[in-house]
Amino acid sequence: MPKTLSRISRDRSKGELMSFSTRLSELGIELPEVAAPLASYIPAKRSGNYVCTSGQLPLVGGELIASGKVGPEVDEATAQECARVCILNALAAVAAVVGGLDNIRSIVSLVGSEMCIRDRVRRARPLVLGATYGHQRCE
């Protein structure tokens, strides 16, 4: 299948087109294996042209990297890393359903929640998804 504009990312520094998997590789980001469910759910399910993921936990190698309230129990840097891991776990689950990262055309919706004592700005989504798929495809 030929690559289309919806399946490639532009390297802004060179003006060249590249696949999403190449872009992640350039950023030094590797998708993890799909996290095994901890209860009775499936990580991702396709319905027509859409894929929905279940809630993602910050699992690395089957272990939670942190738990607790952001602020008193988990510092902001750790919370941001947890958000980054959750996003990568969600991408891995979707990629497994659609046959690879480069078959993801766009991000339609991204919903996240965390337990914290006050509102905080989240920076993981723009860093991972925006750098890979472009901000216009992730909003």
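**Cysteines, burial and cores**

Student: What makes the sulfur of C82 too far from the closest cysteine sulfur for a bond?

Tutor: The closest cysteine sulfur belongs to C86 and lies 6.7 Å from that of C82. A disulfide is a pair of cysteine sulfur atoms within 2.5 Å, so the sulfur of C82 is too far from that of C86 for a bond. A search of the whole structure accordingly finds 0 disulfides.

Student: On what kind of model do these values rest?

Tutor: This is a predicted model, in which local features need pLDDT of at least 70 and side-chain atom pairs count only at pLDDT 80 or more, while totals for chains, interfaces and linings use all residues. Residues are numbered from 1 along each chain as its sequence is written, and side-chain values use heavy atoms, with hydrogens and water left out.

Student: Why does C82 count as buried?

Tutor: C82 has 10% relative accessibility. Buried means under 20% relative accessible area, exposed over 50%, and partly exposed in between (1.4 Å probe, protein chains only); C82 therefore counts as buried.

Student: Is C86 buried or exposed, and how do you know?

Tutor: The relative accessibility of C86 is 17%, so this residue also counts as buried. Of the 139 residues of the protein, 33% count as buried.

Student: Why is S67 called exposed?

Tutor: Its relative accessible area is 57%, so S67 is exposed. S67 is placed in the loop between β6 (63–64) and α2. S67 and A79 are 12 residues apart in sequence, with C-alpha atoms 9.0 Å apart in space.

Student: Which residues make up the largest nonpolar core, and what makes such a set a core?

Tutor: The set has 11 residues: F20, L24, I29, I87, L88, L91, V94, V98, L101, I104 and I107. A nonpolar core consists of buried Ala, Val, Leu, Ile, Met, Phe, Trp, Tyr and Cys residues joined through side-chain atoms within 4.5 Å. Two or more residues come from each of α1 (20–26) and α2 (76–98), and α2 gives the largest share, 5 residues. Another core, of 5 residues, lies apart from it and includes A66, V70, V74 and C82.

Student: What are the elements of the protein, and how are they assigned?

Tutor: The protein has 3 helices and 6 strands. Helices (H or I, at least four residues) and strands (E, at least two) are DSSP runs, numbered from the N terminus. Their order from the N terminus is β-β-α-β-β-β-β-α-α.
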